[in-house]
Amino acid sequence: MPLFHRLMVTGVRFPALVVLLSLLAVTAAPERVEAQSVPHPSEIFGFQPGDDYKLADLDQLYTYYRALAEGSPRVEMWEIGETFRGNPMYLLAISSEENLAQLDRWKEISGRLARAHGVDEAEARQLAQEGRAVIWIDSGLHSTEVAHAQHGPLLAHHMAFDESHETQRIRDDVILLYMPQMNPDGHTVVVDWYRRNLGTDWETTSPVEVYHEYVGHDINRDWFMFRQNESQAVAKQLYEEWYPQIIFNHHQTAPFPARIFIPPFADPVNPHIPPLVVRGVNMLGEHMAKRLEERNMSGVVSRMSFTMWWNGGMRTAPYFHNMIGLLSEVGHASATPAFHHPDSLPEYFGSGTHRISAREPSIYYANPWEGGWARLADAVNYHFETSLGALDIGSKLKEDWLFNIWLMGNRQIEAGQAGDPFAYVVNVEEQPDAGEAVELLNVLRRGGIEIHRATSPFQAGGREYPAGSYVAYAGQAFRAHLMDLLEPHAHPHRELYPGGPPEPPYGGLSGWTISMAMGVDVDRVDAPFEASVEPVDLVPVPGFRIAGNGDFGWALSSNRNDSRLAVNRLLAAGERVHLYTDALTDLGEWGAPGAFIVENGSGTRARLESLGQELGLHVQGVASRPSGTLVPLSAPRLGMYMPWTANMDEGWTRYVLREFEFPVDTLRNADIQGDLSGYDVILFADQNAASILNGHSEGSRPPEYVGGVGAEGSENLKRWVEAGGTLITFDGASDFAIQALDLPVRNAVAGVGTEEFFIPGSLIRTHFDTAHPVAFGMREEGSSFLQGSRAFEVDDENQVDVVARYSDRDLLMSGWELGGPEYIGGKAAVVRAQLGSGQAVLIGFRPQFRAQPTSTYKLFFNAIHGGGAQGEALIGLRGTWEGALAGSR
């Protein structure tokens, strides 16, 4: 490392000496870019990145990067998107001036090799020799892990101005794509919280709100669905624009007392991941570890906690795109230093088969950390050196990385063209929820999957498909991603030790087949077939149709999630909308129980036509008032509980509600304890009962953020339900509802150990009573997503309806389950309990989990639309569907 840089990185400041050294450097090498044209980060921040008690905020970071891009010919910077709160998202390209002048050519080469179509081996080798390795490094995804965002300015400055042989070689061989802030909104939340509490008892606590508009930590759980603005913007760069061969995702939760975790990862490995990806990850991890040892940086551990099974993380999703995904987890995620006495270090760390000595060297912990001071500067330096390590090996093996991404893609194409499967086919118009079928296809598109539309009818797998059907051929470079999202998963049974409890999968997920979660029929076709097709970029909404005599009104099918969005807009516009609780047999799909009927009025048809075209709805005329029961709907007055414990599930729920335009108010502890008469419906997202009741303990946060709803809030909530309110709870919050409302319902798996019952993020077969208002529009059989979730035992069937039951056969659809048939098979999954004039709807799982299982959105959408006065009307209609319920009890 040059002396100038060492002085700056170590925090030593001798202005005159620095100027003299810089002038000597410029005089000795006139071709060098002058660093003086751009201030060092410390000059803009007023402190050295990594200094104790100091964090550069978003404005300071962006000011530096703008100055760097404006002042250095080796740096380009552009905006790739915008966060929910309106902050820009920037991407930097750092390389030699000559390389930046030809960025379009390097991007073209990277894309052609990654997609592999039409490129033979000879051309692939020529392109690999000509091209530049594209390496993505990012910071700031998890905002509470503060060091990686602080290391970014030092890395960028070094890559732009350092003149060592290593750095010059890297600039010549590599296009560094540096994403300095993956979660700008969250960074602001965390830095503001730290500065506000600096010097208090709460200096090292985490914020009381999620560090993102909606999802907080789960911003790193959105990398196959791409729901959030941030993940969508980045995915476009990864899978449509640049196709980097190496992706390095920095984090900061090293297993203590290690100073850093880097690959190799622990087992299991997802069988869809190409072996060359696994080997590449291992090689890069070992190279970074070697670099750290050369610099006498101890405490490097591998093969612990983090695995290669789950798709959906920022560094894991690239595996399924033939890219090398790296993860660092550095210790000490705080600007406040801490001292760890050597005697206080544990004897062992890790768990199960990965439990190792914290004091004795081992294969994957060769140089144990001996304790002492842990500072932000140390963490910054670990991030800095591992970033350089990835760039170094990326440069040295530049042609290998470029050629191998082609090699893996070509192998995937050949495997898919051979069949088993040959393709997946989706006939949108035959789906119960055509809108979700389109959304599934677009989820695949956002992940870089090639989708084609049939221009004429064709045969495949013994079936006839009409023109307009969509085909995803398996013969494409990202075949692994396609199959991983559409095929069932079978997570291996793993134990913490022989005969012991199960080893939880990393990320809490073992199965995530999106066709099951979204309730979309996707046909796997194994044998090759021929069809006339055209590629599509964005799959359009289903075709709009309006038909029939609408003298009385117009029917919207209960099968479509988007019917609820349309209803919310229609209610907001003052239209008269009714819920029809019977079946309109002469209307086909529009006549299923729970159809929404919009009374005809001035401008109604025009409004429906506009909505129908935007959302792809089918609207059917209703000539005369139906003979059955019409329940008039009004815009629900909806409140949702938001604790001070930064509940991500609340954030995901709020995201989904806003996507479907349900007006929702945030209710805090004091609100739950106060006047609730202004609300028809109150929703509690997944949260355990003790946390809802008690919140943060006294002294653990500033006084205004401690406590939960308490006994006062529980009693107030019960009175509100008895007076006619509708309470909806997800998963763990159902235990709170059972206690607070004194319901004749029990959690059937309460107190059962994981040795006996264990479902870690899996899709479970579930039967729904589609005659029940809470399940209107659901399929009779579908999936529920369970992650440590519950089933219910009903003690009073006169007070409690069973809306859904877990299957008592073939329970597991995708993932891993242990003891499921015994403990939840045939038991209630969703119940509705009457209490006075009101009701409580308890959903034993998370029906909106990370905005993935869209097939179960209807459960809480229906409960919301059926709240308040509508709820009282539906309770009064109990007899009309009593017979249907009898079969489900």
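The following questions and answers cover the overall form of a predicted model, then helix H10 and Leu-608.

In this predicted model, local features need pLDDT of at least 70 and side-chain atom pairs count only at pLDDT 80 or more, while totals for chains, interfaces and linings use all residues. Residues are numbered from 1 along each chain as its sequence is written, and side-chain values use heavy atoms, with hydrogens and water left out.

User: How many helices and strands are there in the protein chain?
Analyst: Helices (H or I, at least four residues) and strands (E, at least two) are DSSP runs, numbered from the N terminus. By that count the protein chain has 28 helices and 39 strands.

User: What is the radius of gyration of the protein chain, and what does the globule rule give?
Analyst: The radius is taken over C-alpha atoms, and the rule is 2.2 Å times the number of residues to the power 0.38. For 889 residues the rule gives 29 Å, and the chain is as compact as a globular protein of that length because its own value is close to this, at 29 Å.

User: What share of the residues in the protein chain is buried?
Analyst: Buried means under 20% relative accessible area, exposed over 50%, and partly exposed in between (1.4 Å probe, protein chains only). Of the 889 residues, the buried share is 64%.

User: Which span should helix H10 have at 1.5 Å a residue?
Analyst: The expected span is 1.5 Å times one less than the number of residues. H10 covers residues 184-197, which is 14 residues, and its end C-alpha atoms are 20 Å apart; this agrees with the expected 20 Å.

User: Is H10 mostly covered or uncovered?
Analyst: Buried residues of H10 include Val-189, Val-190, Val-191 and Trp-193. With ten of its 14 residues buried, H10 is mostly covered.

User: Which elements do the buried residues of H10 pack against?
Analyst: Contact means heavy atoms within 4.5 Å. The partners are one strand and three helices: strand S2 (88-94), helix H4 (58-71), helix H8 (147-161) and helix H11 (229-242).

User: Is Leu-608 buried or exposed?
Analyst: Leu-608 lies in helix H19 (residues 604-615). Its relative accessibility is 1%, so Leu-608 counts as buried.

User: Which residues is Leu-608 in contact with, leaving aside its neighbours within four places in sequence?
Analyst: With those neighbours left out, the contacts of Leu-608 are Phe-544, Trp-554, Leu-556, Leu-570, Val-598 and Val-619.

User: What separates the C-alpha atoms of Leu-608 and Val-189?
Analyst: Val-189 is one of the buried residues of H10. Along the chain the two residues are 419 residues apart, and their C-alpha atoms are separated by 41 Å.
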